[in-house]
Every structure is written in C-alpha cells, then in structure tokens.
Amino acid sequence: MMGGDSRVVLTVLLLLQGLGGEGIEFGGDGGDFGGDYSKLSGIIIPGFASTQLRAWSILDCPYSPLDFNPLDLVWLDTTKLLSAVNCWLKCILLDPYNQTDHPECKSRPDSGLSAITELDPGYITGPLSSVWKEWIKWCIEFGIEANAIIAVPYDWRLSPTMLEERDLYFHKLKLTFETALKLRGGPSIVFAHSLGNNVFRYFLEWLKLEIAPKHYFEWLDQHIHAYFAVGAPLLGAPDTIKAILSGSTFGLPISEGTARVMCNSFGSSMWMMPLSKYCRGEDVYWKHFSKGNGGVHHSYRCSEQEPRSNYSGWPTYIANIEVPLVHAGYEAYPSLSEVTHENLTSMECGLPTQLSFSARETSDGTFFKAIENYDPDGKRLSYQLHRLYHSDPVLNPLTPWDRPPIKTVFCIYGTDLKTEVGYYFAPSGKPYPDNWIITDVIYEIEGSLISRSGNLVDGDPGIASGDETVPYHSLSWCKSWLGPKVNITRAPQAEHDGSDVQIDMNVENNREEDIVPNMTKSQRGKYITYYEDSESIPGKRTAVWELDKVNHRNIVRSPVLMRELWLQMLHDIHPNAKSSFVTKAKRGPLRDEDCYWDYGKARCAWPEYCEYRYVFGDIKRYSNGGFHPLLKISASQAGKFQLKWMFVTLQSWEKLRR
C-alpha cells in the first residue's frame, strides 16, 4: 500500500491518461479517440468458473443449519458446500438435456466487478479464490476511473446458444460496448481470460447476424480499440476430456464422481473440447442469407493434411480408452478396420482392447459414439454435442479461430510448464459416476512428452509446453494470425537494463509451422518472447507474448503482464511514439512495490528510480568490523521504498521507454 505522499509518483501516468486534466492527443495508432485514454473503457470477460453465482430461490436444507436464500452465494460458498453438499448441488446442477435449473433451486450470475474479483470472499478463502482482484488494484493504483472498468460476468455453465436464449447475454454485451462509448466518448479495450475468449469469439460471430454487413467492421472500429486474449484455449484443452470422464474438482472438497456429475450437467463443458486445426465448419454467415437459419447443422470439412497428420496436429492422442467391444461392432469406432487380427481375436473373446482418439475424433462426436454402450453419460454427451455445438445457429465453436477483425490484437499466454496432453482410461469396476479411472497421463514439458511415471513417450511435442492447463499447441495457434514477416524480441521478465535483450527482425513466418526463435535463455532467468507484426494487414497490429513459467490461472495476477500492458498502452499515447510497439530495451520499476533493497550492493536496487525514505521506527544497524553501513527495514515495514520524484517528469518517462 502506498502512502499519501507517494501518490505523487503517479502524476505523470495520470497526466498521460488524461485523468488529471486534458488528455494528450496522439494521432498514431490511437484511432478516432485521438489518443486520449480518458475516453477508453476496459471490458473484462472472465473465464470458466470465474464468476460468482447467487441463489434465486428459497431452499430449506435438512440436517444442516444453513439454508439457501435469494442472493446467497452458490459459487462459491465453501461453508455451505461442506455442510450441505446435496443442497448446494441442487443449486449448481443443470438438466443435461435442456439446461434448465433444478426444480427446487436456481442460480444466476452476479453482476459488477465484485462478481469476478474474489469468488469466496473471506479472510482465508478470499486470497485462495482471488481471480481479477490484483488486476483491479493495478487499475486503481494508476488512477483509472471507476466507470472505466466494466465486468461482463456470465453464467459459465451454459453453452453459447443458451447464454443468448436464456439471458440475452450477447445482446447485453453489445449494449455494454455502446453504453461505454456514449459514457466515455471512446472505444473499449477487451480483456478476456480462458473461456472468456471463446465467449468473445462467439459474440463477434453473433454480431455479424445482428448488424448490416456494410456496418459490421465500422461498428467494431468504433467500439473496440484493442483485444487482449489472455490464456485463450484456441484449439481446446484435453483437460476437458478428463473432467467429462473422471471429474475435475477445481480443488473443492468434493469427490471426483460428484465433480463429474456436476461438470456433465453443464452445457459449457464441451466448449473447450480439443479440436483439429485442419477441420472447419460451414460458413454460417452466408448460410443464413441463402437458406435461412432453421435446422442449421455444421458439417466438418477437413483438409488433406488431417488424415496425413499424426494426432490431428496435437502432440499425442487425446484419449486412450480400454473397453470390451464385444457388443459394439465396427460402426462404433471408424478406425476398427485397422485393428490387428490379434486384437480382433481378443475382442471376440470379450477381452478389453484399447481405442485411441485424436482431437478431431473428440470434437466431431466419434469419441462419445464409441463409449455410448459403456457409459451412462455417452448418449447424453452425444446429444449435447450435436444440439449445443454442431447445430448452433451462429457458429460451430469447435472449429479453429481466424484472427478477429479488430485493429489491435494481443495474444498472451504462459509457457514451459508441465501440462497434460493425453490420458489413458480404463473401467474401474465401480458404478457410475466412478466407473472410469485414469491409468496414465501424458504430459508435455519443454519440448518432450513424459508419462506420469516419468518415462519418455513417443509423439510430436512442440518447441515448448503449455501453462499447466492448456497445451502449447492450443495456446500458440494465434501465431498463425501473424503475417509472413515477424519481429521477435526476447527480454527478461524482471526489471533489466537491456543487456540481455535479443532481437530478430523480419523473421520468415510459415503459417503451417511454428516460429522457432533463434535465441538463447539463461537457466536462471524467466523471459518474455514477443512476436510482433504491424505490416501484413494495413492499419492493424498483431502481437503474441509468451511468458515463461506463468500458469493459466495466475496469469491475470501477474505483475509482469500488467507492467507490459501499461507500458504498451502508454506508448500508444506518447506524443513522440514512432513505432507500433513499445521498445523492450529497458524495464524499470513502475510502482513502489517494484523497488527493493539490493543486499549484495548494500543500496537500493535501481537507484536511478528508487530511494529509501526513512520513517520513524525503522532500524539502522552498523557493523563493527569496518564494513559500510547497512540500512535494514523493520519488521513493521514502516519504511517503504518509493519511486523518486525524478520519475514524475515526462523526461524520466522517456528514459524508461528508451
């Protein structure tokens, strides 16, 4: 927390944002709002399970002192979850066929910023369930007005069709953009995390059917200045398959079987199914005008590369499942004709055999068709997949993304963490919902595939690994949005003087292959690799940021990410900015928290920007052996490192930019 006197260090930032008076006008990439960031709004679209849900019913819970009353927290109230789990499940579950609420209890998403900051507020549970709280604190520290940050929570249990059908969510989102423009006078910056990116993609396609074609791009340019896609599962995530077959508890005190029942009742569970980059759906936009919008079914059209590729372009098979196929017949699994004679003999005897499924076979329904005879959820899942996704009247969400038609797009994600990419399932011998067990897990880690036991596994690993939740193959799909020439920069995540910055300009980019930077990394440091393109599409900018060792959930709380976002936005409004992207040549502290004591040099780190200001109660200790005096901070932290006054001037800001 900064003291009152230290708030003066924000003066330059407030002035640059136009919040302390008239904004600085900038005729560069700022667009129609003239670079006056006081006119901008920030719209936050949270990810899966990142919005509070509140009860909209009165439910008496027997054998528990806690009942559910209107506006009580459902997601997430761990106290009621522990004391009245059956009541809690009634309020959270949906009907798997029609996505309606339980007859005795219904829940609806909360509204406002408080709905996405902490899911379970409390002294202990608050920090553990914090999502966007740090992000909001950064906005407040840098003087952003309260009405400039808008959260658009949604019921993350619903499929995109049901979001619009039940809640008119996309109509409301369109009104939110239009209201922000009228209130602030400028376009909005979209910050989406995880599933929130899938929601925003669907909104852009839905908007095509709501606005006259000649006004579509005009509306986007007028209402959206930039889009920051953070941790976007662009080609899905195998973790979805694990949640559907064996359950994912989200760290809650519930069994995996209970978690599976809960997950499979949500229509949104399939929204992040792994998919093939080689298979696309029909163009729904033109189909609406040529044949109407009734009974739309999106057939998949796969390129010749799909059958030639291993695992649909993924590192390995998504699901490997052991089933007795004595009752199934060949039609249950299209690839059975390729099974060896020995396997067929074992199948005739009723012995189990292993079936492997690629990303295409999970997203097109082959996988669920194969398990219909062995799992009570098989037919329900096939029904959900067909009704809520393959027959969606706007878009089949289980198809690869193209670059959104927005002026500025930043795709940001973490890398080089151990991430699950494939699973082996077998019957457990227990009744539903615990009828499957995971016998092995395949992980990707920094260019290799390993099993749960630590053995190397054959496959096609990428040049890096994912963010612990989404594999690198899915996260890095946005590199295909870059043009044929890309500028690549690699810089340390920590504050630095530029000595370890590597730059490679005009690198050839073959969109069919991943870009491999010809750069090095220190074993001790963490880096950000920037891929930037401002020339391939006139008037548009595209950038991809890869942050080493930043996981999926915590990326929205990363101070490194927040620093880079602020520097890029401040660069855009700088009156002398010449380049499309902020330079990476140097990084100094932006906040008091970024200043610290360098014990090795016995002085403030970054003395150019930081100094120690003594506050009564601090402890000064001097050594008796002729060493230099050493200033230490008391346990009460009464003294703080604060940014020097020199940083307040625009000239010092220029020094930091250089």
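The questions below concern the sheet and the nonpolar cores of a predicted model.

Me: Which strands stand at the edges of the open sheet of 9 strands?
Reply: The sheet has mixed pairing and runs in the order E5-E1-E6-E7-E12-E19-E18-E16-E17. A strand at the edge has a single partner strand, so one side of it is left without a neighbour in the sheet. That holds for E5 (149–151) and E17 (502–508).

Me: Which residue is the bridge partner of lysine 485 in E17?
Reply: Lysine 485 belongs to strand E16, which spans residues 485–492. E16 and E17 pair in the antiparallel sense over 5 bridges. In E17, the partner of lysine 485 is glutamate 508.

Me: What angle does the direction of helix H8 make with that of E1?
Reply: Helix H8 (residues 169–184) packs on the sheet. The strands it touches are E1 (41–45), E5, E6 (188–193) and E7 (224–230). With the direction of E1, that of H8 makes about 160°.

Me: Which helix gives the most residues to the largest nonpolar core?
Reply: This core has 155 residues. Among those touching the most other members are Trp75, Trp88, Trp135 and Leu565. With 9 residues, the helix that gives the most is H20 (residues 559–573).

Me: Which tryptophans does tryptophan 75 contact, leaving aside its neighbours within four places in sequence?
Reply: The contacts of tryptophan 75 include Ala49, Leu53, Ile92, Leu119, Phe250 and Leu252. Thr51 and Gln52 are also in contact with tryptophan 75. The tryptophans in contact with it are Trp88 and Trp156.

Me: How many residues are in the other core, which lies apart from the largest one?
Reply: Among its members are Cys595, Ala605, Tyr609 and Cys610. The number of residues in this core is 5.

Methods
Residues are numbered from 1 along each chain as its sequence is written. This is a predicted model: local features need pLDDT of at least 70, side-chain atom pairs count only at pLDDT 80 or more; totals for chains, interfaces and linings use all residues. Side-chain values use heavy atoms; hydrogens and water are left out. Two strands pair if DSSP finds at least two bridges between them. Helices (H or I, at least four residues) and strands (E, at least two) are DSSP runs, numbered from the N terminus. Contact means heavy atoms within 4.5 Å. Axes are lines fitted to C-alpha atoms, for helices over the stretch in contact, and angles run from 0 to 180 degrees between N-to-C directions. A nonpolar core is a set of buried Ala, Val, Leu, Ile, Met, Phe, Trp, Tyr and Cys residues joined through side-chain atoms within 4.5 Å. Buried means under 20% relative accessible area, exposed over 50%, partly exposed in between (1.4 Å probe, protein chains only).
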